[in-house]
Amino acid sequence: MLKFKKINLVILLMAIGSVSIAQQRSIQERLGYPKDTKLLIIHADDIGVSHSENMASIYVMEKGVVTSGSIMVPCPWLPEIAEYAKSHPDADLGLHLTLTSEWKNYKWGPVAPSDKVPSLLDDMGYLPNSTLTVMKNAKPGEVELEYRAQIERALKFGIKPTHFDTHMASASCTPEILKIYIKLSHEYKVPVLISQELGNLFKFKITDYTTENDIVIARSVMATYDDYKFGMENFYTKQIKAMTSGLNVILLHAAYSDAEMKAVTDGHNDYGANWRQDDVDFFTSEKCRKLLADEKIKLITWKEIRDKLFR
């Protein structure tokens, strides 16, 4: 009997050791790449906001180096991009889960019935213009109802999301909302964009709410107005050269500097039509392609992560 107990103990210790080793494996190794690989997702936000945003985002994914994008379900141009998603099933398109409506003269409301999500509305019945308002007013139960409504509407339109991410970082603005975001990731079996940098914005530790199965980004990059003042090419070049091993994400906003997008972004110095055109220009340039090759960066998609680690 003692001999069998010893054997069982050895087997148990070996199993614990195997679990520990598995948990220590890097995201690169989990995806089948060497541990020192610099993985990068180049990601276009805000698809669905406008026709201009849709067309430019498709262009940078098809003709440039952008590997991924995400769709804002509450926005008016959802049907157009849904048709594209259905006819291009290999496109890496996720959902840009949305709790805010930030533009001055161009607004959208919730997907869920307004009377079911009153804490998510401004005085005019739209989603509010800032994440700080979401932090202050949003009730977690109503956030979950709205997120589910957005996901189910996308599915009804025939979109098969590769991941979820968050408009204006609203899914990471409180621990309670973050837990809902991660819960939906597990339920719908897709990865979500999570980084400690987002947690730092709201002064809490993201990894207090994640498991070893969740994907926490090593580094996420998005330009600010100060970065834009010194030139987008300059900003992105520095950021790409600074990439280290692990999973990195560049978040950009592709649109054309046309009359539609100028009207949408009227009154905003940041993320305006010219800014978005600069994103298009850089990520379709030969200079960008060469830079990625010189830095030995491996471009990947959320779809690859979903299919290898969440299915």
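1. Let's start with the pocket. The largest one in this predicted model has a volume of about 790 Å³. It is lined by 29 residues, and the closest to its centre are Met168, Ala169, Leu201, Met222 and Tyr271. If you want to find the spot on screen, those five residues are what to click on.

2. Which elements supply the lining of the largest pocket? At least two residues each come from strand E1, helix H5 (131-137), strand E4 (164-166), helix H8 (196-201) and strand E5. H8 gives the most, with 3 residues.

3. Now for the strands. E6 (residues 246-252) is mostly covered, with 7 of its 7 residues buried. It pairs with E1 (residues 38-47) in the parallel sense, over 7 bridges. E5 (residues 219-221) also runs parallel to E6, and 3 bridges join the two.

4. Val249 is a handy place to look at both pairings. This E6 residue stands opposite Ile41, and Val249 is also the bridge partner of Ser220.

5. On to the nonpolar core. The largest one has 96 residues, and Phe164 and Phe283 are those with the most contacts inside it. Helix H7 (residues 175-188) gives the most to this core, namely 7 residues.

6. What does Phe283 touch, leaving out residues up to four places away in sequence? Its partners are Ile42, Gly64, Val65, Val66, Tyr236, Ile250, Leu252 and Cys288. One of them, Cys288, is also a buried residue of helix H13, which leads to the next point.

7. H13 (residues 286-294) has Cys288, Leu291 and Leu292 as its buried residues. Why do they sit on the same side of the helix? They cover an arc of only 95 degrees around the axis, and that puts them on the same side of H13. The face turned away from the buried side carries Glu286, Lys290 and Ala293, which are exposed. As background, an α-helix has 3.6 residues a turn, so residues three or four places apart point the same way.

8. What do the buried residues of H13 pack against? The answer is E1, helix H10 (232-241), helix H12 and strand E7 (297-299). After H13 comes Lys296, which has a positive phi, near 55 degrees.

9. Helix H4 (residues 78-87) is worth a look too. Its buried residues are Leu78, Ile81, Ala82, Tyr84 and Ala85. Viewed down the axis of H4, they fall within an arc of 160 degrees, so they line one face of the helix. Among the elements covering these buried residues are E1, helix H3 (51-62), strand E2 (68-71), strand E3 (93-97) and helix H6 (140-156).

10. One last residue to look up is Asp270, in the loop between helix H11 (259-264) and helix H12 (273-283). Is Asp270 buried, partly exposed or exposed? Its relative accessible area is 30%, and because buried means under 20% and exposed over 50%, Asp270 counts as partly exposed.

11. Asp270 also has some contacts to trace. Leaving aside neighbours within four places in sequence, Asp270 is in contact with Trp103, Tyr225 and Trp275. You can also check the spacing to Met232: the two residues are 38 apart along the chain, and their C-alpha atoms are separated by 12 Å.

Definitions and conventions:
Residues are numbered from 1 along each chain as its sequence is written. This is a predicted model: local features need pLDDT of at least 70, side-chain atom pairs count only at pLDDT 80 or more; totals for chains, interfaces and linings use all residues. Side-chain values use heavy atoms; hydrogens and water are left out. Buried means under 20% relative accessible area, exposed over 50%, partly exposed in between (1.4 Å probe, protein chains only). Helices (H or I, at least four residues) and strands (E, at least two) are DSSP runs, numbered from the N terminus. Two strands pair if DSSP finds at least two bridges between them. Contact means heavy atoms within 4.5 Å. A nonpolar core is a set of buried Ala, Val, Leu, Ile, Met, Phe, Trp, Tyr and Cys residues joined through side-chain atoms within 4.5 Å. The arc is that of the directions from the helix axis to the C-beta atoms. On a 1 Å grid over the protein atoms alone, a cavity is a set of points where a 1.4 Å probe fits but cannot get out, and a pocket is an open set with protein on both sides within 12 Å along at least five of seven lines; lining residues have an atom within 4 Å of a point. Grid points are joined across faces, edges and corners, and a volume is the space filled by probe spheres set on the points.
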